[in-house]
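Open the model in your viewer and switch to a cartoon view. We will go from stop to stop, selecting a few residues each time.

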Amino acid sequence: MRERVRGPVFAAGDDGYDEARKVYNAMHDKRPRVVVGCENAGDVIATVNFAATNGLELAVRGGSHSVPGFGTVDDGVVADLGRMRQVRVDPVARTARAGGGATWGDFNAATHAFGLATTGGIISTTGVGGLTLGGGIGYLARGLGLSCDNLISADVVTADGRFLMASEKDNEDLFWALKGGGGNFGVVTALEFRLEPVDTVYGGPMLFEMSDAAAVLAGFRDLIKDAPEQLGGFPAFQLAPPLPFIPEDRHGDPFALIVGCWAGSPEQGEQQIAQFREFAPVVAEQVGQMPYPALNTAFDGLVPPGLQHYWKANFVTELTDDAIQAHLEHAPGLPAVNSTVHIYPIDGACHRVPADATAFAYRDANFATVIAGMWPDPAMNEAGVEWVRGYYDALAPHSEAGGYVNFMAGDDQGRIADNYKGNYDRLVEVKRKYDPDNLFHLNQNIVP
């Protein structure tokens, strides 16, 4: 491998090996046989061929945020795309091309220089590739659709070492599957997106007392269904971090939040966000006009690399009063300031895409809920996991059978068919065509 690739190759005992094998979720401490720091598509081809030829398990790492730890593997091969982070913007065509290891921080920095953006994630260190392949939910989804809805083309290295372009004109079946089907079909070395004019946004977090949480969630639910599509953001639950805008004597207390994002004309922003204040008295807020990338980085400090992660997720067609009650019973038990629960609206432009037009099937769902258990101390793992599972079990009767694959835990493999509803059989066919031996199985796996 050292002779075949341009990037560095790390094996046990090498300088840099321990750093190279680290992933974002410290719950996964694995020892690969080799980690390849891929610098180009040729390096990826060589790495895929090496794993396949030698019968070794292959993990693919983009931004490294995989909660189930799919970006690493014991005694196997890791294709680390973290050196492939270039982003090239065409401001005239309003497109951007990102390397397979680019993060949303990389992407937004490049596109914001031209006053452009597309739907990205909530945390800027999230990988562009991983988020998009799972669908791509973010602040701009109601107005622009999911990240995958804005994907124009992708460069893909398949299990047999071929380099393919996938688009509406080339390998259309593969392109369809990539838009929500995860990393099941190959290694995506570059992604091209449509961009829209998004420069400054108006928004930020508002904190409400837990005693007002029912009114806040119901108010958001009723408001957002008819709101202009430029209004994004989400309700959430969070322990108050030690930030200057929050009263010091309230640090560590549980709160209901709304994180608002108005991406329309700036002069309308204050009026749009002010509607959230009508739900209940605001305890603290940090709301105003800011560059879009600033909002995308606002919560990075709460989720640094090295935390323990365990998450669960569901799609929600109707955020019922009973579902809200389930939230109120479990949200106060947030195990750490890093843990959170987000309820993302995915209506608007997301609903205008037919359910079978992409692998992402839940085009009738109005919300995507994530229970993101995160804490720094491994000694908290048992109690933290128990909290996430109990919360999930309470929401399940009020939610759809499937959930957003990017928020799934490693023990959610039994939900794969539910996650894709009527698209699952077609995904199996595409998997059989491009990866019949299931080389790419370290993911929310679609078995060929």
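This tour visits a sheet first and a helix afterwards.

Before you start, keep in mind that this is a predicted model.

**Stop 1: the sheet.** Select residues 9–11 for β1, 34–37 for β2, 58–61 for β3 and 77–80 for β4. Together, these 4 strands make an open sheet with mixed pairing, in the order β1-β2-β4-β3. Now look at the edges: β1 and β3 each have a single partner strand, so one side of each is left without a neighbour in the sheet. Turn the view and you can follow the twist, as neighbouring strands are turned by 20 degrees against each other on average, direction ignored.

A bit of background helps here. Strands of a sheet pair through backbone hydrogen bonds, and the pairing can be parallel or antiparallel.

**Stop 2: the partners of β4.** Keep β4 selected and show β3 beside it. The two strands run parallel and are joined by 4 bridges. Which residue of β4 is the bridge partner of alanine 59? It is valine 78. Next, pick leucine 58, whose bridge partner in β4 is valine 77. Then move over to β2, which also pairs with β4 in the parallel sense, over 4 bridges. From β2, valine 34 has valine 77 as its bridge partner in β4.

**Stop 3: the faces of β4.** Show the side chains of β4. In a regular strand, side chains alternate between the two faces of the sheet. Val77 and Ala79 lie on one side, Val78 and Asp80 on the other, and all of them are buried, so both faces of β4 are covered.

**Stop 4: a helix on the sheet.** Add residues 41–53, which form helix α2. Helix α2 packs on the sheet and touches β2, β3 and β4. Its direction makes about 165 degrees with that of β4.

**Stop 5: helix α7.** Select residues 213–224. This helix has 12 residues and reaches 16 Å from its first C-alpha to its last, close to the 16 Å expected. Of the 12 residues, 9 are buried, so α7 is largely enclosed by the rest of the structure. Among the buried ones are Val216, Phe220 and Ile224.

**Stop 6: where two helices cross.** Finally, add residues 321–330, helix α10. The axes of α7 and α10 come within 10 Å and cross at roughly 140 degrees, and the two helices are therefore oblique to each other. The contact involves Ala213, Ala214, Leu217, Ala218 and Arg221 of α7, together with Asp321, Ile324, His327 and Leu328 of α10. The crossing is right-handed.

Notes. Residues are numbered from 1 along each chain as its sequence is written. This is a predicted model: local features need pLDDT of at least 70, side-chain atom pairs count only at pLDDT 80 or more; totals for chains, interfaces and linings use all residues. Side-chain values use heavy atoms; hydrogens and water are left out. Two strands pair if DSSP finds at least two bridges between them. Axes are lines fitted to C-alpha atoms, for helices over the stretch in contact, and angles run from 0 to 180 degrees between N-to-C directions. Contact means heavy atoms within 4.5 Å. The expected span of a helix is 1.5 Å times one less than its number of residues. Buried means under 20% relative accessible area, exposed over 50%, partly exposed in between (1.4 Å probe, protein chains only). Angles under 35 degrees count as roughly parallel, over 145 as roughly antiparallel, 65 to 115 as roughly perpendicular and the rest as oblique. A crossing is left-handed if the near helix is turned anticlockwise from the far one by less than a right angle, and right-handed if clockwise.
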